[in-house]
Amino acid sequence: MTASPRTARPPDGGDAPGSAVRAVDLRKTYPASGPRPEVPAVQGIDLDVPRGEFFGLLGPNGAGKSTTIGMLTTLVVPTGGSASVCGLDVVKDPVEIKRRIGVVSQNNTLDSDLTAAENLEFRGRFFGLSAKDARRRADELIELFGLAEHRKGNPFEMSGGQAKRVMICRALMHGPEVLFLDEPTAGLDPQTRANLWDVLRGLQQGGQTIVLTTHYMEEAEALCERVAVVDHGKVLASGTVDELKAGAGADTVITVAYDADAPPGVHALADRDTITKVEITGGQVRVFAADPEGVLGELVASGAKAGVGVTDASQLRPSLETVFLTLTGREYRE
Ligand SMILES: Nc1ncnc2c1ncn2[C@@H]1O[C@H](COP(=O)(O)OP(=O)(O)OP(=O)(O)O)[C@@H](O)[C@H]1O
């Protein structure tokens, strides 16, 4: 399916120059509450998303992605730095920004008293469309998103994927300049996720600027033109997926777990030109290699020579996962 709602471009209808989203040293510290200390959820994030781009904030749970999206969509008040959306300041112009953006949150926030179509029409009316225009726009989106069979359905009796499509339609009712999606495919099965990816790709091909958060590496790789990798409230690296892979995560990462301390032979690997680094933690050895040929075999052979068995082994080719490993020294956990 190719979704390209007509009104999803900037209001001037063209390739408006400039940023759709900008953040400079953006910060949010949630205050202490009772025994809970304050939480520095976002600790100085810089972003610059041009119009028309598909941009992703990628990071594990708790990295600060939702808080960042919350500030950009004016729901969370920053405690430091600044941010603008469509050239408008998120603190000074929240009402005007809300007119210019669409937001799809993680949870189903559709109105259970209304059908799918009524949810859309209600949103259209809220944004000032006449009843006739709201119905026409809702029909158009329902058709585009393959929801015709569900137009009279209750949004809480639909599958997760169908409800998410209705939420995306609702967010598009007023032709927003920027569409924000917070973890749009979290909890969906792989087939439904792939279908939603097609929907989102179609939207972007129609000119829609999209900012999404995800903790799925493969989602960011599949959809985003540029990605910011976030962890502990900070951007660790940003760029196109290829740039990121060619930079921090250019190596293949070979990890071997032994059933005892790493055998002495593995230290020698670090001297080789094609090996960037070797990390040894107890019985685990992780080798970052520009050329991985033969490395895994050598790690197994070193173990056998020292009478140490291998309990686990993996080899990751350069990907966002190796980028994350290289940047943080930690494996990426969803
Ligand atoms: N309202 C709040 N009050 C206090 N702490 C919060 C609040 N909202 C989030 N946090 C904390 O801020 C940190 C960042 O959370 P945030 O939800 O922004 O991360 P995330 O990357 O979106 O993770 P997830 O995908 O799990 O939502 C976490 O430690 C979280 O517990």
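Reader: Let's start with valine 76: where is it found?
Author: Numbering runs from 1 along each chain, following the sequence as written. The model is predicted: local features need pLDDT of at least 70, side-chain atom pairs count only at pLDDT 80 or more, and totals for chains, interfaces and linings use all residues. Helices (H or I, at least four residues) and strands (E, at least two) are DSSP runs, numbered from the N terminus. On that numbering, valine 76 is found in the loop between α1 and β4.

Reader: Is valine 76 buried, exposed or partly exposed?
Author: Count C-beta atoms, placed from the backbone, within 10 Å of the residue's own: 20 or more others make it buried, 12 or fewer exposed, and anything in between partly exposed. Valine 76 has 18 other C-beta atoms within 10 Å, so the verdict is partly exposed.

Reader: Which residues is valine 76 in contact with, leaving aside neighbours within four places in sequence?
Author: Contact here is a C-beta matter: the two atoms, placed from the backbone, lie within 7 Å. With neighbours within four places in sequence left aside, valine 76 is in contact with Lys28, Thr67, Gly70 and Met71.

Reader: Lys28 brings us to the sheet. In which order do the strands β1, β2, β4 and β5 form it?
Author: Strands count as paired if DSSP finds at least two bridges between them. β1 (residues 19–30) has 9 bridges to β2 and 5 to β4. The sheet is open and its pairing antiparallel, with the order β2-β1-β4-β5.

Reader: And which strands are at the edges?
Author: In the order β2-β1-β4-β5, look for strands that pair on one side only. Those are β2 (39–50) and β5 (88–89).

Reader: What angle does helix α1 make with β1?
Author: α1 (residues 65–72) packs on this sheet and touches β1, β2 and β4 (80–85). Axes are lines fitted to C-alpha atoms, for helices over the stretch in contact, and angles run from 0 to 180 degrees between N-to-C directions. For α1 against β1, that gives about 120°.

Reader: Who sits across from whom: what is the bridge partner of tyrosine 30 in β2?
Author: Two pairs help you find your place: lysine 28 is opposite valine 42 in β2, while arginine 22 is opposite serine 84 in β4. For tyrosine 30, the β2 partner is valine 39.

Reader: Now the ligand: which element gives the most to the shell around it?
Author: The ligand has 13 residues around it, with Tyr30, Ala41, Asn61, Ser66 and Thr67 the closest; a residue is near if its C-beta atom, placed from the backbone, lies within 6 Å. β2 and α1 each supply at least two of the shell residues. The most, 3 residues, come from α1.

Reader: How many domains' bounds are given, and how far apart are the C-alpha centres of domain 1 and domain 2?
Author: Bounds come from an automatic or database domain assignment. The assignment gives domain 1 (6–245) and domain 2 (251–317). Their C-alpha centres lie apart by 42 Å.

Reader: Over to the sheet of β11 to β14: which strands stand at its edges?
Author: This open sheet is antiparallel, ordered β12-β13-β11-β14. A strand with a single partner has one side left without a neighbour in the sheet, so the edges are β12 (275–281) and β14 (310–316).

Reader: Which residue in β13 is the bridge partner of lysine 277?
Author: β12 and β13 (residues 284–289) run antiparallel and are joined by 6 bridges. Lysine 277 has as its β13 partner phenylalanine 288.
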